[in-house]
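The following exercises are to be worked through with the sequence and the model side by side. Each task is followed by a solution in steps.

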Amino acid sequence: MTDNISKHVTHWIGGKPFDGTAARQGDIYDPATGQVSGKVDFAGADEVDAAVAAAKAAFPAWRDASLSQRTKVLFRFRELVHEHRDELARLISAEHGKVVSDAAGEVARGLEVVEFACGIPHLLKGGFSENVSTRVDAYSILQPLGVVAGITPFNFPAMVPMWMFPVAIACGNTFVLKPSEKDPSASVRIAELWAEAGLPDGVFNVVHGDKAAVDGLLHHRDVRAVSFVGSTPIARYIYETAAANGKRVQALGGAKNHMVVLPDADLDLAADAAVSAGFGSAGERCMAISVVVAVDPVGDELLAKIKERVAGLRIGPGDDPESEMGPLVTRAHRDKVASYLDSGVAQGATLAVDGRETPVIGGGGEGFWLGPTVLDHVTPEMDAYRDEIFGPVLTIARVGSYEEAMELLAGNPYGNGTAIFTNDGGAARRFQNEVEVGMVGINVPIPVPMAYYSFGGWKDSLFGDSHAHGMEGVHFYTRTKAVTARWLDPSHGGVNLGFPTNG
Ligand code: NAD
């Protein structure tokens, strides 16, 4: 990106950039410098209508495209995203702030869902029962819903949309994406790659914007289903509003992921995990570890190992190969995250590492910087424990036993991801069985499921019934039809009157 100031991001509707005039626009920032790097158009009702109309018009032909036609496009798209992964990673890094290697990692994880969707001929197979009555067969088919929408957060501008649209499109639906207005460029580049892959115009559309664009989709009569990923209050709103408008909805919300470290754990492994999962992408991950639950007596030794590793982390601009952690996404978010350092200390926590003092490669300028921070002796009534901080603040809660750790987790409203570190297989198995959390890691810090499993939390981390991608994604984006068929066959005696037709 040579001329950042002139960057102008607009909608992608019907296979091309939208050429209307935007009544409203938002600023795009370079979080490493704090400067505005471009503008993004915000959709109102007219642009949302245009995108949904394009998707609706494209649906009949795409629904009827053979499975091999669809998979051909998906395979080409997979190759193109793979070829352009570094370019996509740089686009993401420039607007989100995360280091380029993290951004490349998210593209790679998104690609895994595209690869999963390439298997759609197998995934869409229905069931068949021959002779449910004499010469009567019964079978089920999975059919697409129509126009479906995805509304996504800033923190994974490529991967989270890719949890949704590969599966939706492979199933025969057409898609309208409303990405985060904070880092909108990757979604448009992805739309261009779809077009290059041969996806018919209108099957994949992008509208940018804020609440007005989202509300336009939630109330649109032609949108059949809504997938959302973002914070819990907005997830709850999306779920209630979309459901009230008769739509199928899955709304994935926020997180407060606990990592339980038992006394018999390998503490070096646990400290490595806490630091990489706590500070990767500056903690702006829904699977970030935000609470380390240290079971007595490991607290002091574990803290020492964590501090040792944090001291070696290099903070700097995302496109500097030396940087291991970038800035936060906006100034407002940076300041909100930093406020938990003060409130934590005021409420009795110990500031073991103060990220406000971390040096930044190149000086940092006016960028949205906050270094890795460790708050020790955090307890459930503190704001730093109760709120989702979504930044580079690792909190440590000390407990006396496994049972106390489980009580802590049970009392937390979120249930996205969790991890346990132990060498006791029985304890790990008990944890996996008892814990009220959707995704569990055992000696693994960020248990993001593979594409062929499904991604989703429990409790306030998900509103709706289906998790994302995997078979739950296929079911979310299809409706089942059950068919019972009788074919008259004169050579076998003509009409069969034996089939019970009631009930
Ligand atoms: P957000 O909830 O602020 O925004 C998400 C989307 O909703 C964006 O597209 C945004 O434009 C839109 N939006 C924002 N306010 C709205 C409103 N009042 N009405 C309608 N739409 C609105 O989330 P964010 O700050 O972009 O992302 C961070 C959050 O996402 C964190 O809470 C994080 O835990 C969560 N997240 C969850 C998962 C998961 O899988 N559960 C994954 C990634 C991120």
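**Exercise 1. Which residue in S5 is the bridge partner of Asp 27?**

Step 1. The bridge partner of Asp 27 in strand S5 is Lys 39. Residues are numbered from 1 along each chain as its sequence is written, and side-chain values use heavy atoms, with hydrogens and water left out. The model is predicted: local features need pLDDT of at least 70, side-chain atom pairs count only at pLDDT 80 or more, and totals for chains, interfaces and linings use all residues.

Step 2. Seven bridges join S4 to S5 (residues 35–42), and these strands run antiparallel. Strands are DSSP runs of E with at least two residues, helices are runs of H or I with at least four, and both are numbered from the N terminus. Two strands pair if DSSP finds at least two bridges between them.

Step 3. Another residue of the pairing is Tyr 29, which stands opposite Val 36 in S5. S4 and S5 form a hairpin with four residues between them, and Gly 34 in the turn has a positive phi of about 80°.

**Exercise 2. What is the strand order of the open sheet of three strands?**

Step 1. The order is S1-S5-S4, with mixed pairing. The edge strands, S1 (7–9) and S4 (24–30), each pair on one side only.

Step 2. The twist averages 30° from one strand to the next. Angles run from 0 to 180 degrees between N-to-C directions, and axes are lines fitted to C-alpha atoms, for helices over the stretch in contact.

Step 3. S1 and S5 pair in the parallel sense over three bridges. Val 9 stands opposite Val 40 in S5.

**Exercise 3. Describe the open sheet of seven strands and the helices beside it.**

Step 1. The strand order is S15-S16-S17-S14-S13-S19-S20, again with mixed pairing. Strands S15 (350–353) and S20 (439–442) stand at the edges with a single partner strand each, so one side of each is left without a neighbour in the sheet. Neighbouring strands are turned by 20° against each other on average, direction ignored.

Step 2. S13 (residues 257–261) and S19 (residues 417–421) run parallel and are joined by four bridges. In S19, Thr 418 is the bridge partner of His 258.

Step 3. Helix H10 (residues 267–279) packs on the sheet, touching S13, S14 (289–295), S16 (373–376), S17 (393–399) and S19; contact means heavy atoms within 4.5 Å. The direction of H10 makes about 170° with that of S13. Helix H11 (residues 299–311) lies across S13, S14, S15, S16 and S17, running at about 170° to S17.

**Exercise 4. Which residues in the loops beside S14 have a positive phi or a cis peptide bond?**

Step 1. As background, most residues other than glycine have a negative phi, and most peptide bonds are trans.

Step 2. Ala 282, in the loop between H10 and S14, has a phi near 55°, a positive value in a residue other than glycine.

Step 3. The peptide bond from Asp 296 to Pro 297 is cis, with omega near 10°. Pro 297 is found in the loop between S14 and H11.

**Exercise 5. Where does the largest pocket lie with respect to the two domains?**

Step 1. The domain assignment gives domain 1 (7–14 + 22–253 + 461–482) and domain 2 (257–442); such bounds come from an automatic or database domain assignment. The domain centres, taken over C-alpha atoms, are separated by 31 Å. In the contact between the domains, 21 residues of domain 1 meet 25 residues of domain 2.

Step 2. Both domains give residues to the lining of the largest pocket, so the pocket lies between them. A pocket is an open set of points on a 1 Å grid over the protein atoms alone, with protein on both sides within 12 Å along at least five of seven lines, and lining residues have an atom within 4 Å of a point.

Step 3. About 890 Å³ of space lies in this pocket. Its lining has 36 residues, and those closest to its centre are Pro 153, Lys 182, Gly 230, Ser 231 and Ile 234. H9 gives the largest share of the lining, five residues.

Notes: On a 1 Å grid over the protein atoms alone, a cavity is a set of points where a 1.4 Å probe fits but cannot get out, and a pocket is an open set with protein on both sides within 12 Å along at least five of seven lines; lining residues have an atom within 4 Å of a point. Grid points are joined across faces, edges and corners, and a volume is the space filled by probe spheres set on the points.
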